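Please open the model in your viewer and keep the sequence panel beside it, since each stop of this tour begins with a selection. The stops are ordered so that neighbouring selections can be kept on screen together.

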Amino acid sequence: MRKVERFMNEKGLTVGDYVKIIEKENGNESVYEGMVMSPYELSSGETLTLKLDNGYNIGILVDQIVSVEIIEKAKPKEKIQFEEVFPKKPDLPNVAILGTGGTIASRIDYKTGAVHPAFTAEELAKAVPEIFEVANITPKLLMNILSEDMKPKYWIKIAHEVARMLNNGEDGVVIAHGTDTMAYTASALSFMLRDLGKPVILVGAQRSSDRPSSDAAMNLICSVRMATEDFGEVAVVMHGETSDSYCLVHRGTKVRKMHTSRRDAFRSINDIPIAKIMADGKIEFLRKDYRRKTESEVWVDDKMEEKVALVKAFPGMATEIIDFFVDKGYRGIVIEGTGLGHVPTYVIDSIQRATEEGVTVCMTSQCLYGRVNLNVYSTGRRLLKAGVIQCEDMLPETAYVKLMWVLGHTNDPKEVREMMLTSYAGEITPYTRFDTFLR
């Protein structure tokens, strides 16, 4: 047993107790009040963790604690009945919320110290009750995985569940998702959900709901509002700025997470957002070329070739990187080239070998903003001659997902090229916009 567990036993402390702690360090006393958290499992076991009233955690060395006062013992978890609190309202639209394991609408479990997603009706009612005034909510936890563990087979699972929900009477679907790979999933659904005539909204949270600066509640509320609109596309809804003034609606194939931790991390790239959702619920559409609602039945085109790689070009890049994927039987490679779409010149021979052996090679730019243009410099012209497809202004992750989808439908090089250069879900902006560059 670690020192902190022994200390808690001696003092009669349990996780969830609200306590007053006096600490003495170098002759100076400090007083803290807060809730006892579960000891961090990877720590040395010498600190007691408190969650302070301001929402932040603090660790106190048990050897420096001179006084412990239990102000209030932990209360047992209460249970509420959803049907009694939020009955269905006939005048409201129906929205399903599909959970995949992200921190959106999550709640703190003070018995373990963990933050977990809330996806029973009861948990949602307690976490973000405002959404039940916007729509009749049907929550379902489809999977509970880390965002970085998302796989193509999970995209297919999500797509089929979304189609089932929409075809069975839901007016829209909100998908709660971890932020790190949300753009990949948004792209995959944009290609797989065919004849989509209702809103499919992906939403996440940069900061979990136990933190005072959480964006979870507002993001979810805005997402549910967008899911009730006259809108028929896949989109991502997240904070539009660091304050809580509005959220932005981004097209599913044009969005990227651009910051590790800011609440307004998501941006539309080479395009403008579809809409702005104010904190008071007002929605301002920023563009007119979005798909409206239809009565069509959505179906899932889930043919996906998983043997596709996404490779970043870099100084000193080894030719063996391209050769590896060719030798391993990969059918497609998307390259994040430098600038207009370049790789080291000595890599071009390996790329040509790849295309000659039937591997599709597509070029995007790691610059993100702007367009690939392989006609400007000799390196680009050599890449064109080697059979590389230049992917216009597509984001690398969008091109990666799209190539998986395209190669799931055809092996013919001409058809692959035609499909990669056809905009199916707004992934290619028809002309370069100069008002979208992130400043």
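Begin by selecting residues 308–312, which form strand S20, together with residues 332–337, which form strand S21; in this predicted model the two strands pair in the parallel sense over 5 bridges. Within that pairing, valine 311 has isoleucine 335 of S21 as its bridge partner. Now add helix H7, residues 319–327, to the selection, and the view shows a right-handed β-α-β unit made of S20, H7 and S21.

Before moving on, display the whole chain for an overview. The chain has 11 helices and 23 strands, and 53% of its 439 residues count as buried. Among contacts between residues at least 6 apart in sequence, 69% join residues at least 24 apart. The accessible surface comes to about 19,900 Å², and 49% of this area belongs to carbon and sulfur atoms.

Next, select helix H5, residues 182–192. Is this helix enclosed or open to the outside? Because 10 of its 11 residues are buried, H5 is largely enclosed by the rest of the structure. Among the buried residues are Met182, Ala183, Leu189, Phe191 and Met192.

Keep H5 on screen and turn to the aromatic rings, for which a search of the whole structure finds 8 pairs. One of them is formed by tyrosine 184 and tyrosine 400, whose rings meet edge-to-face, at 6.2 Å centre to centre and with 80° between the planes. This pair links distant parts of the chain, given that tyrosine 184 belongs to helix H5 and tyrosine 400 to helix H10, 216 residues apart. The two partners fall into separate accessibility classes: tyrosine 184, at 24% relative accessibility, counts as partly exposed, while tyrosine 400, at 16%, counts as buried.

A second pair to select is phenylalanine 231 with tyrosine 290; the ring centres are 5.9 Å apart and the planes stand at 50°, so this pair is tilted. Phenylalanine 231 lies in the loop between H6 and S13, and tyrosine 290 in the loop between strand S18 (283–285) and strand S19 (299–300), so the pair ties together parts that are 59 residues apart in sequence. Phenylalanine 231 is buried, with a relative accessible area of 0%, and tyrosine 290 also counts as buried, at 12% relative accessibility.

With tyrosine 290 still selected, add arginine 292, whose charged end sits over the tyrosine ring, 3.9 Å from its centre. Arginine 292 leads on to glutamate 229, which is 63 residues away in sequence but 8.8 Å away in space, C-alpha to C-alpha. Glutamate 229 lies in the loop between helix H6 (216–226) and strand S13 (234–239), and with a relative accessible area of 25% it is partly exposed. Leaving aside residues up to four places away in sequence, glutamate 229 touches Pro199, Ile283, Phe285 and Lys293.

For another charge placed over a ring, select lysine 276 and tyrosine 246: the lysine lies over the face of the tyrosine, at 4.5 Å from the ring centre. Then select Phe191, Trp405 and Tyr424, which form one aromatic cluster.

The next stop is threonine 436, in the segment after helix H11 (413–420). At 9% relative accessibility, threonine 436 counts as buried. Its contacts, not counting residues up to four places away in sequence, are Asn270, Asp271, Ile272 and Tyr369. Tyrosine 369 is 67 residues from threonine 436 in sequence, and the C-alpha atoms of the two are 8.4 Å apart.

Finish with two backbone details. Most residues other than glycine have a negative phi. Select aspartate 195, however, and phi is near 55°, a positive value in a residue other than glycine. Aspartate 195 has its place in the loop between strand S11 (193–194) and strand S12 (200–203), and counts as partly exposed at 48% relative accessibility. Glutamate 392 likewise has a positive phi, of about 55°, although it is not a glycine. Glutamate 392 is found in the loop between strand S23 (389–390) and helix H10 (396–407), and is partly exposed, with a relative accessible area of 28%.

Methods: Residues are numbered from 1 along each chain as its sequence is written. This is a predicted model: local features need pLDDT of at least 70, side-chain atom pairs count only at pLDDT 80 or more; totals for chains, interfaces and linings use all residues. Side-chain values use heavy atoms; hydrogens and water are left out. Two strands pair if DSSP finds at least two bridges between them. Helices (H or I, at least four residues) and strands (E, at least two) are DSSP runs, numbered from the N terminus. A crossover is right-handed if, with the strands pointing away from the viewer, the path from the first strand over the helix to the second runs clockwise. Buried means under 20% relative accessible area, exposed over 50%, partly exposed in between (1.4 Å probe, protein chains only). Contact means heavy atoms within 4.5 Å. Accessible areas come from the Shrake-Rupley method with a 1.4 Å probe; for residues, only the protein chains shown count as cover. Rings of Phe, Tyr and Trp (its six-membered ring) pair if their centres lie within 6.5 Å; planes under 30 degrees apart count as stacked, over 60 as edge-to-face and the rest as tilted. A charge sits over a ring if NZ of Lys or CZ of Arg is within 6 Å of the ring centre and within 35 degrees of the ring normal.
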